[in-house]
Amino acid sequence: MGSSSDYEVMEPAIKTLTEFGIEIEKRVISAHRAPHALIEWASTAEDRGLSVIIAGAGGAAHLAGVIAGVTTLPVIGVPVRSKTLDGLDSLLSIVQMPSGIPVATVAINGAKNAALLAVEMLALGNAELKRQLLEFRRKQTEKVLATTI
């Protein structure tokens, strides 16, 4: 997260990943206020065993882009709703990455979908995780079909 104030938005990602049994690192590192620390953290992420990075930030929201610039791990950006432009500034900052440095981007405050996208990526090489993901989808479908109006 770019700031501790982003935690409330990012909490559904943390909860979802934990429910799937995925070990995570949670950090607050600002792309603007602590750029050297961010570059050190991101450039060594793969060495620490990370496979996917989810980065949530608001406003200028350069966090995901800076991370993507120093690692080849997949980076998923979560635009955090801001007071000024209701998150549109964050969304555009994350989604408009230059060619060659991609960042997968979810909806404004879409941390849960960021986590599920990470699970899908990790499940490509993990049969148990794939089974859990299929079970999650099955239950989700059952819940929708059981809904009455």
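A residue is called partly exposed when its relative accessible area lies between the limit for buried residues, under 20%, and the limit for exposed residues, over 50%. In the predicted model described here, Glu-25 falls into this class with a relative accessible area of 35%, and Arg-48 is likewise partly exposed, with a relative accessible area of 35%. The side chains of Arg-48 and Glu-25 meet in a salt bridge, with a distance of 2.9 Å from N to O. This pair links distant parts of the chain, since Glu-25 belongs to the loop between α1 (7–19) and α2 (35–43), whereas Arg-48 belongs to the loop between α2 and β1, 23 residues apart.

The chain as a whole contains six helices and three strands, which follow one another along the sequence in the pattern α-α-β-α-β-α-β-α-α. Its radius of gyration is 16 Å, close to the 15 Å that the globule rule gives for 149 residues, and the chain is therefore as compact as a globular protein of that length. The C-alpha trace spans about 50 × 40 × 30 Å along its principal axes, and buried residues account for 38% of the 149 residues.

Two of the strands, β1 (residues 53–58) and β2 (residues 75–80), pair in the parallel sense over six bridges. Between them the chain passes through helix α3 (residues 63–70), and the resulting β-α-β crossover is right-handed. Within this pairing, Ala-57 stands opposite Pro-79 in β2.

Six salt bridges were found in a search of the whole structure. One of them joins Arg-137 to Glu-120, the closest N and O atoms being 2.5 Å apart. Because Arg-137 lies in helix α6 (residues 127–145) and Glu-120 in helix α5 (residues 111–123), this pair ties together parts that are 17 residues apart in sequence. Arg-137 is partly exposed at 41% relative accessibility, as is Glu-120 at 30%. A salt bridge within a single helix is formed by Glu-128 and Arg-131, both of which lie in α6, three residues apart, or about one turn of the helix. The closest N and O atoms of Glu-128 and Arg-131 are 2.7 Å apart, and both residues are partly exposed, Glu-128 at 40% and Arg-131 at 45%. In addition, Glu-135, Arg-138 and Glu-142 are linked in a network of salt bridges.

The surface also carries a nonpolar patch of about 350 Å², made by Leu-85, Leu-88, Leu-92 and Val-95. Of these residues, Leu-92 is found in helix α4 (residues 88–95) and is partly exposed, with a relative accessible area of 41%.

Notes:
Residues are numbered from 1 along each chain as its sequence is written. This is a predicted model: local features need pLDDT of at least 70, side-chain atom pairs count only at pLDDT 80 or more; totals for chains, interfaces and linings use all residues. Side-chain values use heavy atoms; hydrogens and water are left out. Patches are made of residues with over 30% relative accessible area and no salt bridge: like charges are joined within 9 Å, nonpolar side chains (Val, Leu, Ile, Met, Phe, Trp, Tyr) within 5 Å. Accessible areas come from the Shrake-Rupley method with a 1.4 Å probe; for residues, only the protein chains shown count as cover. A salt bridge is a side-chain nitrogen of Lys or Arg within 4 Å of a carboxyl oxygen of Asp or Glu. Helices (H or I, at least four residues) and strands (E, at least two) are DSSP runs, numbered from the N terminus. Buried means under 20% relative accessible area, exposed over 50%, partly exposed in between (1.4 Å probe, protein chains only). Two strands pair if DSSP finds at least two bridges between them. A crossover is right-handed if, with the strands pointing away from the viewer, the path from the first strand over the helix to the second runs clockwise. The radius of gyration is taken over C-alpha atoms; the globule rule is 2.2 Å times the number of residues to the power 0.38.
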